[in-house]
Amino acid sequence: MGLEEYKRKRDFSKTSEPQGGHGGREPIFVVQKHAARNLHYDLRLETDDVLRSWAVPKGPSLNPSDKRLAVLTEDHPIDYANFEGKIPEGEYGAGSVIIWDKGTYENVSVKDRKEIDFSTAFEMGHISFILHGQKLKGEFALVKMKNRGEKNWLLIKANDRYASSDDVLEDMPKSIISNKGVDDI
Ligand code: MN
């Protein structure tokens, strides 16, 4: 049913009632390291009661000069952010999944120097966000590639005090929840 009617009846610039979505808390993000046929990292950002998801074959980088391909995949349920385990052989995405990083994020997207919400930024093809993770911190952008269809985006670290040439994938390969590697699942 969703919250459309609830939202339609209320002017949230006037009432302090919750807008829904995430109960007033910061939206969450998760990066799941997924040893499927090809190892990749799934970046998921909470929006509109789902996790908007991108598969990042080479994983995120803290180096602003690395532009990492991020392929838009289907929205996942919010609870998926807690999933760590093995997807059985024969099932979609078969292989091990660990919660490589997780935390909250802030949408800081702008257009014409005005703040815009996540869904507007998504439609525009340029989302700026600040991650508050254990491994990933600071501002990143997801930018839709031109003339490459709807699915091909780039994940790019902004040049802030968290930018680094350290290899965060090599240096911190394990789950933040269980301290397991993908081979331990
Ligand atoms: Mn995946």
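**Notes on a predicted model with a manganese site**

1. Let's start with the second largest pocket, whose volume is about 380 Å³. Please keep in mind throughout that the model is predicted. The lining of this pocket comes to 18 residues, and H34, H40, D42, Y92 and G93 are the ones nearest its centre. By class, eight of the lining residues are nonpolar, seven are polar and three are charged.

2. Three strands are worth colouring when you look at this pocket. β1 (28-35), β2 (39-47) and β4 (67-77) each contribute at least two residues to its lining. The biggest share comes from β2, which provides four residues.

3. Now for the metal. Which protein atoms act as donors to the manganese ion? They are ND1 of H34, NE2 of H40 and OD of D42, at 2.1 to 2.3 Å from the ion. Written as a sequence pattern, the spacing of these donor residues is H-x5-H-x1-D. The two histidines, H34 and H40, are both buried. The site and the pocket belong together in your picture, since H34, H40 and D42 are also among the residues nearest the centre of the second largest pocket.

4. Next, a look at the enclosed space. The whole structure holds one cavity of 30 Å³ or more, and the volume of the largest cavity is about 30 Å³. Its lining is made of V31, L43, P60, F129, L131, L136, F140 and L155. What classes do these residues fall into? Eight are nonpolar, with no polar and no charged residues in the lining. The second largest pocket has a mixed lining by comparison, with polar and charged residues alongside the nonpolar ones.

5. A few words on the overall fold. The protein has three helices and eleven strands. Read from the N terminus, the order of elements is α-β-β-β-β-β-β-β-β-α-β-β-β-α. The C-alpha trace spans about 50 × 35 × 30 Å along its principal axes. Its radius of gyration is 17 Å, which agrees with the value near 16 Å for a compact globule of 185 residues.

6. Two further figures describe how the chain is packed. Of the 185 residues, 39% are buried. If you take contacts between residues at least 6 apart in sequence, 54% of them join residues at least 24 apart.

7. Strand β2 deserves a closer look, and Y41 is a good place to begin. Y41 sits in this strand and counts as buried because its relative accessible area is 5%, under the 20% cut-off. Beyond its neighbours within four places in sequence, Y41 contacts V31, Q32, K33, W54, A55, V56, K58, G59, P60, W100 and L169. Two of these, V31 and P60, also line the largest cavity. The C-alpha atoms of Y41 and P57 are 6.2 Å apart, with their positions 16 residues apart along the chain.

8. T47 is another residue of β2. Is T47 buried or exposed? It is buried, at 7% relative accessible area. Setting aside neighbours within four places in sequence, its contacts are R52, Y105 and F118.

9. Over in strand β4 you will find L69. With a relative accessible area of 33%, L69 is partly exposed. Outside its neighbours within four places in sequence, it is in contact with A55, V56, P57, M145, N152, W153 and L154. A55 and V56 are also contacts of Y41. L69 and D171 lie 102 residues apart along the chain, and their C-alpha atoms are separated by 21 Å.

10. Finally, two backbone details to check by eye. Most residues other than glycine have a negative phi. R113, however, has a phi near 65 degrees. It lies in the loop between β7 (110-111) and β8 (114-115), and is exposed at 85% relative accessible area.

11. Where is N147, which also has a positive phi, of about 55 degrees, without being a glycine? N147 is in the loop between β10 (137-144) and β11 (152-157). This residue counts as exposed too, with a relative accessibility of 81%.

Definitions and conventions:
Residues are numbered from 1 along each chain as its sequence is written. This is a predicted model: local features need pLDDT of at least 70, side-chain atom pairs count only at pLDDT 80 or more; totals for chains, interfaces and linings use all residues. Side-chain values use heavy atoms; hydrogens and water are left out. Donors are N, O and S atoms within 2.8 Å of the metal (3.2 Å for Na, K and Ca); water is not among the atoms, so sites may look incomplete. Buried means under 20% relative accessible area, exposed over 50%, partly exposed in between (1.4 Å probe, protein chains only). On a 1 Å grid over the protein atoms alone, a cavity is a set of points where a 1.4 Å probe fits but cannot get out, and a pocket is an open set with protein on both sides within 12 Å along at least five of seven lines; lining residues have an atom within 4 Å of a point. Grid points are joined across faces, edges and corners, and a volume is the space filled by probe spheres set on the points. Ala, Val, Leu, Ile, Met, Phe, Trp, Tyr, Cys and Pro count as nonpolar, Asp, Glu, Lys and Arg as charged, and the others, Gly among them, as polar. The radius of gyration is taken over C-alpha atoms; the globule rule is 2.2 Å times the number of residues to the power 0.38. Contact means heavy atoms within 4.5 Å.
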